[in-house]
Structures are given as C-alpha cells and as structure tokens.
Amino acid sequence: MSEPILELRGINKSFGAVHVLHDVDFTVRAGEVTALVGDNGAGKSTLVKCIAGIHPTDSGEVLFDGRQVSIHGPKDAADLGIEVVYQDLALCDNLDIVQNMFLGRERGKAGVLDEADMEQAARRTLASLSVRTVKSVRTPVAALSGGQRQTVAIAKAVLWDSKVVLLDEPTAALGVAQTRQVLDLVRRLAEQGLGVVLISHNMNDVFEVADRIACLYLGRMAAELPTKDVSHSQVVELITAGRSGDLGIARPDMAAV
Amino acid sequence: MAEAVAVGADRESLGGRLRDIGFWADWAAVIGLVALVIVFGLASPSFLTLGNIQAMLVSAAILIVLAVGQTFVIATSGIDLSIASIMTFGAVVLGLLYAAGWPILLACLVGVVAAGLAGVINGTLVAKGRIPDFVVTLGMFSAASGAALILSDGKPTQVVDGFLLALASGSVGPFGYFIVVAAVVVVVAHVALFHTRFGVHVLATGGNAEGARAMGIRTGRVRLAVYLISGVLAGVGAILLVSRVGAAEPAINTTYLLNAIAAVVLGGVSLQGGRGNILGPVVGALLLTALTNGLTLLGISQYYQPLAVGVVVVMAALLMRYQR
Ligand SMILES: Nc1ncnc2c1ncn2[C@@H]1O[C@H](COP(=O)(O)OP(=O)(O)OP(=O)(O)O)[C@@H](O)[C@H]1O
Ligand SMILES: [Mg+2]
C-alpha cells in the first residue's frame with residue numbers, strides 16, 4: 001500500500017445551522033485512484049471545496065505529505081500541489097481557453113502576459129489529452145460544447161505539476177469516447193504517482209479505475225475500502241443506507257438525525 | 001469586436017455581411033460616428049474644418065478619460081455613478097490648493113490623489129462592505145458633490161496659471177495636449193486590460209466572480225483596483241476640466257456622468273460585465289461629442305441635446321442585442 005499524500009482527520013463543516021460534514025476522515029494515497037462516492041447531497045463537493053480552501057472547515061486537521069498544513073484559500077491548496085476540477089464552479093465563459101487554463105497563475109514578466117508561452121503550454125496539454133476537436137486555444141470557452149469545456153477544465157488541472165488531483169464528476173457531461181479518455185487519464189495520473197480523487201455516480205467507472213472507494217453517507221464517512229474487497233451491490237448499499245452487512249455506519253438511523 | 005469581423009471577412013461576402021444584423025451591432029458606434037460626420041458635414045460647412053475637428057477632439061478628451069475609467073469598473077460588472085462628482089471634487093481640491101498658494105503641479109497631484117481616495121472608498125465599500133456598486137457610488141455621487149460644495153462654499157475658484165493655460169492651448173503638431181493626454185490614457189488602458197495579468201483578472205471577476213475566486217484571484221482587490229483607476233482618471237479629468245474652464249467650479253457635472261456611461265454602452269461593453277474594450281468607448285465618446293457639436297453648429301437649441309443623446313444611446317443598446 002502506498003503512502004498517504006493527503007489525510008483529513010475529523011473534518012466538520014456546517015453552513016449556518018446545516019451540519020454538512022461530520023467528523024470526516026479521508027485519505028488520498030500517492031499513485032492510487034480513490035473514488036469518493038455518495039448520494040446527491042452527501043457532501044462530496046463540500047469535502048472537495050474544504051480541501052481546496054474554498055470553504056473554511058469548522059474543525060479537523062489536514063496532513064499533506066505527513067505534515068500538518070492549514071489551507072486558507074485556493075492559492076494555499078495550489079501551492080501544495082492540489083488541483084481541483086469543480087462540479088459547479090465552471091470556467092469563465094468570457095475568457096478563452098488559454099486565459100482559463102492559466103487563470104490566477106498567468107505567465108509573464110512584471111505582470112505583462114507571455115501569450116506565446118502560455119499558448120504553447122496549453123496546446124501541448126490539450127494534445128496530451130488527445131483533444132482534437134478544439135480548433136484554437138484562443139476560442140472563447142462560451143463557444144465550446146459541454147464536453148469540450150469539461151476537457152479544458154481537466155486540462156487546466158493537469159497543466160500544473162501537481163501531487164493531488166480532485167475531479168468532481170468530471171465525466172458527467174461527456175460522451176462515450178471522452179469519458180473513456182478521462183478514465184484513461186485518471187489511471188495515467190495515478191501511474192505517474194499522483195494521488196487522484198474521482199467523484200462519480202457511475203459504479204462501472206468507479207470499479208474500473210479506483211484502487212479504493214470512500215463512501216460518504218449524509219456527511220459521514222461510511223466506509224473507506226480497497227475496491228477489490230467490495231462488490232457493486234455493497235457499495236450501492238453503503239451509498240443508499242450507509243451500511244452493508246458489517247460494513248458502514250453502525251446505526252444509520254441515528255446518523256440520519 | 002473588430003477581430004470577430006476580421007475573421008469572418010474571409011468567408012462571408014460583403015453583401016451577406018451587410019444583411020447580417022450582427023455586423024451592424026458589432027460596428028454600431030463606428031457606423032454611428034461615420035453617419036453623423038457625413039450628415040453634419042453636409043449640413044454645416046464648418047463641421048469638417050480642421051479647427052472644428054480639433055475643437056471636437058479637445059472637448060472629447062475629458063469624456064474619453066472618464067469613459068476609460070468607467071470601462072474598467074463596468075468590466076467587473078460594477079458601475080461608477082460617482083465618476084463625474086469625483087471629478088468635480090478633485091477640481092475643487094486642485095483649485096483651493098492653488099488659491100492657497102501651492103505650486104500648480106503639487107495642487108494637480110493632490111487633486112488626483114483626492115479623487116483616487118474617493119475611488120478607494122468606493123472600492124472598499126463594494127469589496128469589503130459587500131454593498132452593491134450602484135448603491136455605493138450613488139452615495140459617493142452625492143457625497144463627493146457635497147464635499148465639493150462645502151469646501152468651495154459653493155463658489156468657483158479662478159485658476160489662472162501658465163501650466164494649465166499651456167495644457168489647454170498647446171499642441172504637439174496638430175494634436176492639442178488634451179488629445180495627447182487622452183491618447184496616452186487610452187493606450188495604457190488598452191495594454192493593461194488586454195496584455196496584463198491584472199486585465200485578465202478584471203475580466204474574470206466580471207465574467208464569473210465565484211469561479212475566479214476558486215482560482216485564487218482576489219476579486220475584492222480587483223474591485224478595489226478598478227474603482228481606484230476610475231477615481232484617478234476622474235482626477236486626471238479634473239485637471240483637464242480646470243485647465244479648460246480656467247476655474248474650479250463645484251457644479252455637478254451630470255452630463256459627464258451620463259455621457260461617460262453612454263460612451264461605454266455605445267462602445268459595445270456589456271453592463272453585465274466580463275467584456276472589456278477600450279477603443280469602443282473611445283469611439284462612443286467621439287460620437288457623443290460629434291453629436292452635440294453638430295447640433296450646436298446647426299443652431300439647434302441645446303435643450304435638444306440630451307434628448308438626442310438619449311435616443312442615440314437607446315438605439316445603440318437595441319442594436320447591441322444582436323451583437324455576436
Ligand atoms: N454554499 C452552501 N451553503 C449552504 N448549504 C450548502 C452549500 N453547499 C452545499 N450545501 C449543502 O450541503 C449538502 C452537501 O452538498 P454537496 O454539494 O457537497 O453534495 P454532493 O455530495 O456533492 O452532491 P451531488 O452528488 O449532488 O453533487 C447539501 O445538503 C447542500 O444543500
Ligand atoms: Mg457535488
């Protein structure tokens with residue numbers, strides 16, 4: 001089993017009176033794909049945003065590479081080498097592909113953009129993801145199809161020399177071929193030694209690429225298991241009921257309160 | 001907007017483009033300006049004389065400077081309703097300091113700094129106080145004109161100074177200093193908006209503030225910065241205004257405010273933010289200036305001018321809906 005690169009311990013998060021995450025423990029291992037599953041509203045995106053520094057946590061600790069770290073904003077997360085493809089925080093429609101991929105981390109001297117350099121890097125990254133349908137990296141994102149946008153969002157995350165990549169439902173808008181590409185990419189990133197987190201509602205995809213499966217149930221971590229130790233139906237039970245046999249939360253009825 | 005058409009030019013025939021309403025929408029300000037120049041040029045022989053063109057450019061300069069400041073704010077999906085009041089405030093500060101015996105350059109500098117500070121107050125309230133732009137700058141609109149009235153006791157201050165006289169009357173070749181100042185502002189603004197990190201962040205803040213924040217952009221700082229820019233440019237406008245009038249007047253320049261916004265709208269910048277364009281608002285400012293100038297030359301009562309401006313702006317906004 002490989003080393004944990006990112007470890008969360010006892011994370012709590014509330015939005016006002018709504019307690020969304022309850023004492024969540026979560027481990028991401030370098031070189032592995034961890035699938036994060038759970039029903040709608042279970043708290044998957046919230047957990048990702050806590051890791052990314054978008055939402056401050058109420059309590060709990062975060063360890064990166066064994067060291068305790070505090071992430072106060074997206075910049076902190078990026079500096080550690082954590083990249084995120086968000087489910088709902090889309091690209092800037094009014095900007096083009098290059099501008100989006102480098103947003104917040106533009107290249108250039110003294111604030112003046114080095115367009116040629118960024119264009120080249122963007123083209124290279126898109127090519128490495130075998131994106132062929134995008135004509136120009138200067139196309140405004142508004143003019144792209146849903147799948148193309150998603151690919152650009154993913155390209156944006158892998159452009160950087162990152163250690164952990166979190167993908168929140170990256171294949172939700174994709175066609176068969178693009179989904180294939182993203183799943184292959186997810187595997188490839190793990191093989192390169194990155195810690196990859198894949199959020200997905202598609203059990204086939206999860207079982208195909210994940211080394212471990214973490215299941216959130218109503219904001220609690222119901223189980224974190226190696227994929228080979230569970231079956232489809234057990235995972236589905238964990239997602240819908242929070243338990244399956246002796247796996248999962250002991251008394252899900254209490255958890256629901 | 002120019003690029004979109006340039007790309008399409010290879011594929012579409014001229015006739016096809018003229019039938020496409022999007023073409024007219026993209027070029028609304030330029031077409032409007034050309035149309036006005038033709039109409040007024042035919043109607044009044046003095047309209048296209050060198051002297052009148054120079055006069056128009058000079059009187060457009062202040063509006064251009066204000067419109068550029070307004071463009072930055074509108075690009076972040078804000079709006080600065082206080083821009084003309086801040087100009088008045090800066091002018092009064094300049095005038096009073098000059099009257100108190102300060103050297104003119106220092107008086108000008110402090111006038112610009114005072115206007116910039118008013119912009120910083122706007123920006124802080126919008127970014128940190130999370131009060132809507134409209135409300136904050138409406139408040140500043142009133143507060144800055146009030147401060148100008150209080151400081152000046154409602155009276156204009158004469159500013160007769162060699163430097164400001166030279167600024168108003170001197171020229172580089174055929175271009176008056178006013179035009180040079182406006183041109184420098186326009187070039188710097190264009191570079192800042194389209195070739196710097198800051199410019200991308202301005203557009204990202206206007207297009208998708210939440211997404212921009214997720215990418216680590218401090219959208220609050222960006223908002224603060226655009227109001228600072230708007231304030232400083234209002235200060236630059238104040239210097240030009242005092243230089244032109246020869247006095248610092250605490251008058252409320254609502255025409256400048258409305259025309260500065262109108263120029264931006266005419267220039268094809270969406271009030272929803274996220275879209276920026278410097279040359280468009282410049283053409284918009286020229287169009288509005290040509291409109292007032294032409295109507296004056298034709299001897300039409302100046303009471304009709306606001307009406308004409310209003311009609312032009314609304315017509316342009318209607319056309320803009322077909323923008324590509
Ligand atoms: N910004 C917010 N303010 C208030 N409540 C929120 C906020 N974000 C999420 N929530 C609530 O937190 C809970 C978990 O939401 P979250 O988006 O994390 O679910 P999810 O597991 O990602 O679901 P899905 O599979 O539908 O994407 C939901 O009940 C949601 O209403
Ligand atoms: Mg989600």
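**Strands, helices and contacts in a predicted two-chain model**

In β9(A), A:Val164 is the bridge partner of A:Ile82. This pair is a handy way into the structure, which is a predicted model. A:Ile82 belongs to strand β6 of chain A, residues 82–85, and β6(A) runs parallel to strand β9 (residues 164–168), with four bridges joining them. The side chains of β6(A) alternate: A:Ile82 and A:Val84 point one way, A:Glu83 and A:Val85 point the other way, and all of these are buried.

Strand β6(A) and strand β9(A) also take part in covering a helix of chain A. Among the elements over the buried residues of α5(A) are β6, β9, α3 (97–101), α4 (115–128) and α6 (176–191), again of chain A. Helix α5(A) covers residues 146–158, and its 13 residues reach 19 Å from the first C-alpha to the last, close to the 18 Å expected at 1.5 Å a residue. Because eleven of the 13 residues are buried, α5(A) is largely enclosed by the rest of the structure. The buried set includes A:Arg149 and A:Lys156 as well as A:Val152, A:Ile154 and A:Val158.

A second enclosed element of chain A is strand β11, residues 212–217; six of its six residues are buried, so the strand is largely enclosed by the rest of the structure. Both of its faces are covered, with A:Arg212, A:Ala214 and A:Leu216 on one side and A:Ile213, A:Cys215 and A:Tyr217 on the other. Strand β3 of chain A (residues 33–38) runs parallel to β11(A), joined to it by five bridges, and in this pairing A:Leu36 has A:Ala214 as its bridge partner. Strand β12 of chain A (residues 220–226) pairs with β11(A) in the antiparallel sense over six bridges, and here A:Arg212 stands opposite A:Pro226. The hairpin of β11(A) and β12(A) has two residues between the strands, and A:Leu218 takes a positive phi near 45°.

Another hairpin of chain A is formed by β1(A) and β2(A), likewise with two residues between them; A:Gly16 in the turn has a positive phi of about 60°. The two strands pair in the antiparallel sense over eight bridges, and A:Leu6 stands opposite A:Val28 in β2(A). Strand β1 spans residues 4–15 and includes A:Phe15. With 9 C-beta neighbours inside 10 Å, A:Phe15 counts as exposed. From A:Phe15 to A:Thr227 the separation is 212 residues in sequence and 32 Å in space, C-alpha to C-alpha.

A:Phe15 is also one of the residues around ligand 1, a group that further includes A:Val18, A:Val20, A:Asn40, A:Lys44, A:Ser45, A:Thr46 and A:Gln87. Two elements of chain A, β2 (18–29) and α1 (44–52), give two or more residues each to this shell. The largest share, three residues, comes from α1(A). By class, the shell around ligand 1 holds four nonpolar, seven polar and one charged residues.

Turning to the meeting of the two chains, 21 residues of chain A are in contact with 18 residues of chain B. On the side of chain A that touches chain B, α2 (74–80) and β8 (112–113) each supply at least two residues, and the largest share, three residues, comes from α2(A). Twelve residues of this side are nonpolar, six are polar and three are charged.

Strand β8(A) also borders a loop with an unusual backbone angle to look at. Most residues other than glycine have a negative phi. A:Ala110, in the loop between β7 (108–109) and β8 of chain A, has instead a positive phi, near 50°. With 6 C-beta neighbours inside 10 Å, A:Ala110 counts as exposed.

Chain B offers a further residue of this kind, just beyond a helix. Helix α5 of chain B (residues 50–75) has 26 residues and reaches 35 Å from its first C-alpha to its last, close to the 38 Å expected at 1.5 Å a residue. The helix bends by about 35° at B:Ala61. B:Ser77 follows α5(B) and lies in the loop between α5 and α6 (83–99) of chain B. The phi of B:Ser77 is positive, near 70°, in a residue other than glycine. B:Ser77 counts as partly exposed, with 18 C-beta neighbours inside 10 Å.

Methods
Residues numbered from 1 in each chain as written. Chains lettered and ligands numbered in written order. Predicted model: local features only at pLDDT ≥ 70, side-chain atom pairs only at ≥ 80, totals over all residues. Buried ≥ 20, exposed ≤ 12 C-beta atoms within 10 Å, placed from the backbone. Expected span 1.5 Å × (residues − 1). Bend = angle between axes of the 7 residues up to and from the residue. Contact = placed C-beta atoms within 7 Å. Nonpolar A, V, L, I, M, F, W, Y, C, P; charged D, E, K, R; others polar. Near = placed C-beta within 6 Å. Pairing = 2+ DSSP bridges.
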